[in-house]
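Biologist: I'm new to reading protein models, and I'd like some help with this one. Could you walk me through a few features?

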Amino acid sequence: MDDDIAVAVALHRITGGVAESVPVLAGVLGDRDGLWRRWTLVRAAEAAAGLGPGARPLAPVLRTLLTDPRLTSAAALALHAVAPEELDTGHVAGLLLGAAEAGEAPFAAVDALMVFGTDGLSAEHRARLTELAERDGRVVRTGLDGTVEITDERLRVRVRAALRGA
């Protein structure tokens with residue numbers, strides 16, 4: 001599957017179009033049966049984003065990835081690149097916050113929120129973002145011994161920066 005992604009990206013670079021790349025990526029993004037597909041799907045979503053608006057046919061399969069907190073950030077950014085008018089930013093902000101709160105790729109979720117802009121967040125979303133920045137419990141729970149606390153604090157710094165932008 002990773003080779004398919006590389007082929008799709010190469011086809012786009014060679015041809016300058018997306019006609020050959022979109023079906024290849026659709027095959028990768030549509031295959032969610034494997035247990036270890038997370039990073040492959042993230043790479044495929046990133047490749048789809050790189051194709052831009054011409055990859056609009058991938059929007060339905062990208063929308064299905066939004067509900068998996070591990071994939072929400074990559075899928076949201078890909079949808080933003082290929083079909084921004086199809087995004088309900090309030091709904092996506094809630095999904096991104098849910099992913100961050102659950103500790104599922106929290107840095108990517110906060111970064112995606114910043115790409116979408118935090119100015120338009122609802123009062124509920126701002127409250128959740130504030131809680132994420134100030135909560136006592138760890139968001140980042142895994143990592144190398146002695147690095148979890150540092151990584152968690154770096155996340156809080158990033159969330160505070162997003163709040164300042166709001």
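Modeller: Sure, let's begin with a term: a salt bridge is a side-chain nitrogen of Lys or Arg within 4 Å of a carboxyl oxygen of Asp or Glu. Before we use it, note that this is a predicted model, where local features need pLDDT of at least 70, side-chain atom pairs count only at pLDDT 80 or more, and totals for chains, interfaces and linings use all residues. Residues are numbered from 1 along each chain as its sequence is written, and side-chain values use heavy atoms, with hydrogens and water left out.

Biologist: Okay, so how many salt bridges does the structure hold?

Modeller: There are 11 of them. Take D2 and R43: their side chains form one, with N to O at 3.0 Å. D2 sits in helix 1 and R43 in helix 3, so this pair ties together parts that are 41 residues apart in sequence.

Biologist: What counts as a helix here?

Modeller: Helices are DSSP runs of H or I with at least four residues, strands are runs of E with at least two, and both are numbered from the N terminus.

Biologist: Are D2 and R43 buried or exposed?

Modeller: Buried means under 20% relative accessible area, exposed means over 50%, and partly exposed is in between (1.4 Å probe, protein chains only). D2 is partly exposed at 35%, and R43 is partly exposed at 36%.

Biologist: Which residue does R63 meet in a salt bridge?

Modeller: That's E86, at 2.2 Å from N to O. R63 lies in helix 4 and E86 in the loop between helix 5 and helix 6 (89–101), so they tie together parts 23 residues apart in sequence. There's also a network of salt bridges linking R56, R63, E85 and E86.

Biologist: And what about R70 and D68?

Modeller: They form a salt bridge too, with the closest N and O atoms 3.0 Å apart. R70 is partly exposed, at 32%, while D68 is buried, at 13%.

Biologist: Back to helix 3: how many residues does it have?

Modeller: It has 14, residues 38–51. The expected span of a helix is 1.5 Å times one less than its number of residues. Helix 3 reaches 20 Å from its first C-alpha to its last, close to the 20 Å expected.

Biologist: Which residues of helix 3 are buried?

Modeller: T40, L41, V42, A44, A45, A47, A48 and L51. An α-helix has 3.6 residues a turn, so residues three or four places apart point the same way.

Biologist: And what follows helix 3?

Modeller: G52 does, with a positive phi near 75 degrees.
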